[in-house]
Structure formats: C-alpha cells, structure tokens
Amino acid sequence: MTIWTPNLRGREGPLYRVIADALGADIEEGRLAAGTRLPTHRELAEKVGVTVGTVTRAYAEAERRGLIGGEVGRGTFVRPRDTPRHLPSPAPDLGDDALVELGLNWPATPPGDPAGRALRKSLDALQRSPQLPDLLDYQPHAGLPSHREAGAQWIQRFGLEVAPSRVIVCSGGQHAMEVALSALTRPGDTVLCESLTYPGLKVLANRFHLRLHGVAMDEHGLLPDALEAACRTGAKVLFCLPNLQNPTGAVMTEERRRRIAAVARQHGLSVVEDDAYGLLLDKRPAPLCSLLPESGWFIAGVSKLLAPGLRMGYLATPENTHTERLAEETGLATRMTPALMAEITTRWVREGIADELVIRRRREAQERMELAKKLLGEWLPRPGRGATYHLWLKLPAPWRAEPFTSHARRRGVTVTPAELFNVGPATAPASVRVCLGAPRTRASLEKGLQRLRDTLEGGPEPLASIV
C-alpha cells in the first residue's frame with residue numbers, strides 16, 4: 001500500500017472535495033500509477049488530520065469521477081484508464097516528447113482501415129431503405145429476429161453453434177457480462193475467475209456486491225486442480241477468458257478445456273466465457289461452452305474485432321434457458337440495444353465485411369507483435385505467440401510493477417501494472433500489461449516499445465520502490 005499523502009495547500013472548498021482534487025492531480029501528473037492501493041480511510045484520516053467520514057466522502061467523490069475503485073476485502077485502488085468508467089482516446093503523436101499510450105487495450109487499426117468506408121457504404125444504403133424509420137422505434141429486449149440471427153452467425157465464427165433464439169443482442173461485451181451475472185448471481189455470492197482477470201469484471205463485482213475468488217493459472221490458463229479446490233467456496237459461477245486471456249495472453253489448450261469443463265460439470269458451475277479476441281488466432285480450440293451446452297454462457301466479442309464505436313456484443317445462453325424472460329428482466333437497464341448499430345453490424349456480418357475487418361486486424365496485430373518481439377523479445381515469456389493486442393511483460397528483478405509503471409511514465413510511455421488485474425490476497429506478480437493497439441501508427445508504437453526497453457535496461461533508480 002502506498003504511503004501517499006495528499007498535498008492540500010492552495011486548494012479551496014469542502015475538505016472532502018479538496019482531498020479528491022489532490023488525488024486527481026497526483027493521478028494526472030503520474031505520481032500515483034494505475035493499480036496503486038491507497039491508504040485505508042482511517043490511516044488517511046490520521047495522516048491528514050480529518051475525520052474518517054471526511055475521507056469516506058473524499059473517496060466516494062473520487063470514485064464518482066472514475067479515479068478510483070474499491071474492492072471488498074482488498075482496499076481502494078487507482079483505476080486503470082481502460083476500465084469502463086474512463087475510456088479516453090489514445091493521444092495523437094505530437095512529436096518526440098509525446099506520451100505513448102500502451103496502457104489502453106484498443107484494437108490495432110491497420111493503415112487504410114476499411115471500417116470507415118464500410119460504415120459510409122452501410123449508412124448510404126440505410127438512408128435509401130424503407131426499413132430505416134423502423135429502427136427508431138422501440139425494439140424487443142433481446143433484439144430484432146434478424147439481428148439475433150446475425151448474432152448466431154457471428155458466434156458460429158468462434159466455433160459455437162447456437163440457435164438465434166438463444167442469442168441476446170447486447171451493447172458491447174461489458175453489457176453482456178452484466179446480463180449474464182445479473183441472471184446467475186445475487187448479492188454476496190462468490191464468483192470464480194482467473195487469479196489475474198479483466199478489470200471490467202472487478203467493476204461489476206463491486207457494483208453487484210459479489211466476492212471474486214481468484215483461481216491459479218499457468219501459461220495455458222486456469223489450472224483444473226486449483227478450480228476443483230476453489231469449488232469448495234460454494235461458488236456456482238466461473239468467469240474466464242480462454243483465448244488470449246486479458247491480461248496474460250494465455251490460450252487454453254483443447255485438453256485443458258476438457259478438464260475445466262469436467263470440473264464445472266461435476267460441481268454444477270455455470271461458466272461465463274468471454275471471447276473478445278479469439279478470432280485473432282488463426283487456429284483455436286472449440287469454445288469451452290461447446291463442452292457445456294447446459295451451463296455455458298458465451299460472449300462473442302465485436303468491439304475488439306470490428307469497431308469499438310458500434311458498441312455491440314452477443315450473448316449466447318445455455319440450452320433450455322428462458323431467453324425471452326431473461327432479456328425482459330435485464331432489458332430494464334438499457335431497455336434495448338440501439339437498433340441502428342445492430343443493423344449495421346448485421347449487414348457487416350452478412351456481407352462479409354466483418355470477416356475482412358478481422359483479417360486486416362489480425363494482420364496488423366501480427367505486424368505489431370513482430371515489432372514487440374524485436375524490441376522486447378528477451379523479456380517476453382512466450383515470444384512465439386501469434387497475433388494479439390496485449391502482452392504480459394514479466395519484469396526482471398528488482399523491478400516491481402507499480403514502480404516500473406511510474407518510472408516508465410516518466411520516460412514517456414504508459415503500461416498497466418499487475419495490481420489492477422490481481423484477485424485475492426496473494427501479492428501481484430512483478431509484471432505489467434503492454435498494449436500494442438492504442439498507438440495510431442507503428443512508428444509511435446516503436447517509440448513506446450523502445451522507451452520500455454530503455455526503462456528495463458536502465459533498472460530502478462535508488463528508492464524507486466517507494467511511492
């Protein structure tokens with residue numbers, strides 16, 4: 001935990017807001033890195049000389065601004081900038097001194113990206129379509145039948161056959177996660193997940209008052225024996241990312257998926273499988289949910305593979321699930337997914353545009369991965385992995401993740417420390433996630449990777465482990 005003390009000098013207003021302002025300034029200026037665990041309410045109150053209630057209000061205000069997040073049993077942390085509460089655009093390359101953003105997990109945009117042209121073509125066709133006014137009306141909670149059919153076709157690309165009646169059209173993968181978890185859990189429940197997991201799950205767990213239990217992993221993802229032991233917690237839900245896991249990039253082998261499915265079946269686990277990146281892999285095993293038709297909830301990504309601005313995702317429910325009733329209950333949050341976005345995505349899936357975009361993004365991701373291997377290969381645990389948007393960089397001793405993140409930012413490049421992904425009481429590993437897609441050009445990416453290399457080769461400064 002950091003020994004952070006806010007600088008309140010020269011600030012005016014209520015004390016709780018002054019503390020929140022100081023916290024925001026330290027985050028913005030790089031003195032507090034993403035993933036930093038903040039002092040407890042009582043510790044900060046004693047340090048600043050205010051009441052615990054004032055610190056509680058200050059932290060609440062900072063959380064409202066999207067600066068920090070709390071986790072049951074672990075504390076309060078500085079949010080990463082790629083969590084759903086805060087999604088800035090990657091900064092343009094403004095010269096040699098510009099900050100290079102390798103902390104945002106954005107899709108890699110290839111030169112001459114056809115997505116813009118495809119959008120113009122689709123909008124041009126829609127404006128002449130007699131169907132256009134209908135897209136402005138209220139729609140079924142689960143989506144129009146044609147949109148659900150396109151969702152089933154998209155899910156088939158991932159290797160899972162589902163009937164359109166089992167598909168719910170969602171406003172992105174995060175919304176699909178929310179739909180699944182709201183159906184499967186109640187406040188106080190325990191949800192199993194990888195010991196290093198996607199921060200969006202932590203946000204939802206905090207909102208739904210769920211306890212996350214991290215399950216040990218290796219380079220192939222979840223360990224079956226560790227999952228077996230974790231089932232003793234009484235948990236009935238497992239969330240996992242078998243393909244290009246975020247943040248580690250692990251890909252679960254076919255044999256490992258069979259073993260995980262066997263444990264889930266034995267203990268009656270419902271499995272929420274998030275596949276945001278799977279189509280980037282030329283070859284991939286069948287989805288885990290294909291082995292669990294009675295209990296698997298599959299999220300087929302769209303944002304990372306086509307375009308984040310579409311805000312689309314598809315959730316495939318298990319067999320014998322009353323999908324219409326589920327969609328009606330969960331539709332209370334958003335009422336419906338915008339039909340215009342769903343229609344554009346439907347046309348892209350049917351016309352082959354979606355497949356072209358995936359091929360282009362896969363090729364661009366592979367090119368960027370080759371650049372990362374060239375500059376950081378000696379520090380990458382598996383430099384031979386195929387196309388991916390993010391890498392898991394294991395830091396050499398004596399580096400730790402938070403000091404490295406702060407030091408790298410001072411050198412002009414951002415990464416995300418392991419603390420942001422860590423679940424459970426175990427100490428986070430000395431690793432950082434490096435994202436390859438956010439820089440707009442490969443030249444900007446190369447500049448950022450070189451700065452990371454220089455940081456690694458230079459080693460920590462004296463007392464760099466103290467924040």
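Helix H13 (residues 401-410) has 8 of its 10 residues buried, so this helix is largely enclosed by the rest of the structure. Buried here means under 20% relative accessible area, exposed means over 50%, and partly exposed lies in between (1.4 Å probe, protein chains only). Helices (H or I, at least four residues) and strands (E, at least two) are DSSP runs, numbered from the N terminus. This is a predicted model, in which local features need pLDDT of at least 70 and side-chain atom pairs count only at pLDDT 80 or more, while totals for chains, interfaces and linings use all residues. Residues are numbered from 1 along each chain as its sequence is written, and side-chain values use heavy atoms, with hydrogens and water left out.

The buried residues of H13 are Ala401, Glu402, Pro403, Phe404, Thr405, Ser406, His407 and Ala408. They pack against strand E14 (413-414), E15, E16 and helix H14 (442-458), where contact means heavy atoms within 4.5 Å. Gly412, just after H13, takes a positive phi of about 100°.

Strand E4 (residues 167-170) is also buried: Val167 and Val169 point one way, and Ile168 and Cys170 the other way. In a regular strand the side chains alternate between the two faces of the sheet. E4 runs antiparallel to strand E12 (residues 313-316), to which 4 bridges join it; strands pair if DSSP finds at least two bridges between them. Cys170 stands opposite Gly313 in E12.

The aromatic pairs number 5. Rings of Phe, Tyr and Trp (its six-membered ring) pair if their centres lie within 6.5 Å; planes under 30 degrees apart count as stacked, over 60 as edge-to-face and the rest as tilted. The rings of Phe158 and Phe298 have centres 5.7 Å apart and planes at 70°, so the pair is edge-to-face. Phe158 lies in the loop between helix H5 (145-157) and E4, and Phe298 in strand E11 (residues 296-300), so the pair ties together parts 140 residues apart in sequence. Both Phe158 and Phe298 are buried. Trp154, Phe158 and Phe298 form one aromatic cluster.

Helix H12 (residues 353-376) contains Arg360. Which side chain of opposite charge is nearest to Arg360? It is Glu356, 4.2 Å away, and the buried Arg360 has no salt bridge. In this count, Lys and Arg are positive and Asp and Glu negative; His and the chain ends are not counted. A salt bridge is a side-chain nitrogen of Lys or Arg within 4 Å of a carboxyl oxygen of Asp or Glu. A polar atom of the Arg360 side chain lies 3.1 Å from the backbone oxygen of Pro111, and one lies 3.2 Å from the backbone oxygen of Gly112.

The whole structure holds 21 salt bridges, including those tabulated here.

| Salt bridge | Closest N to O distance |
|---|---|
| Arg361 and Asp113 | 2.9 Å |
| Asp225 and Arg259 | 3.9 Å |
| Asp282 and Arg362 | 3.6 Å |

Asp282 lies in the loop between strand E10 (270-275) and E11, and Arg362 in helix H12, so the pair ties together parts 80 residues apart in sequence. At 65% relative accessibility, Asp282 counts as exposed, whereas Arg361 is buried at 3%. Asp225 counts as exposed at 61% relative accessibility, and Arg259 as partly exposed at 36%. Finally, Glu364, Glu367, Arg368 and Arg442 are linked in a network of salt bridges.

Methods:
A polar contact is a pair of N or O atoms within 3.5 Å; within protein, one must be able to donate a hydrogen and the other to accept it, and residues adjacent in sequence count only if both atoms are side-chain atoms.
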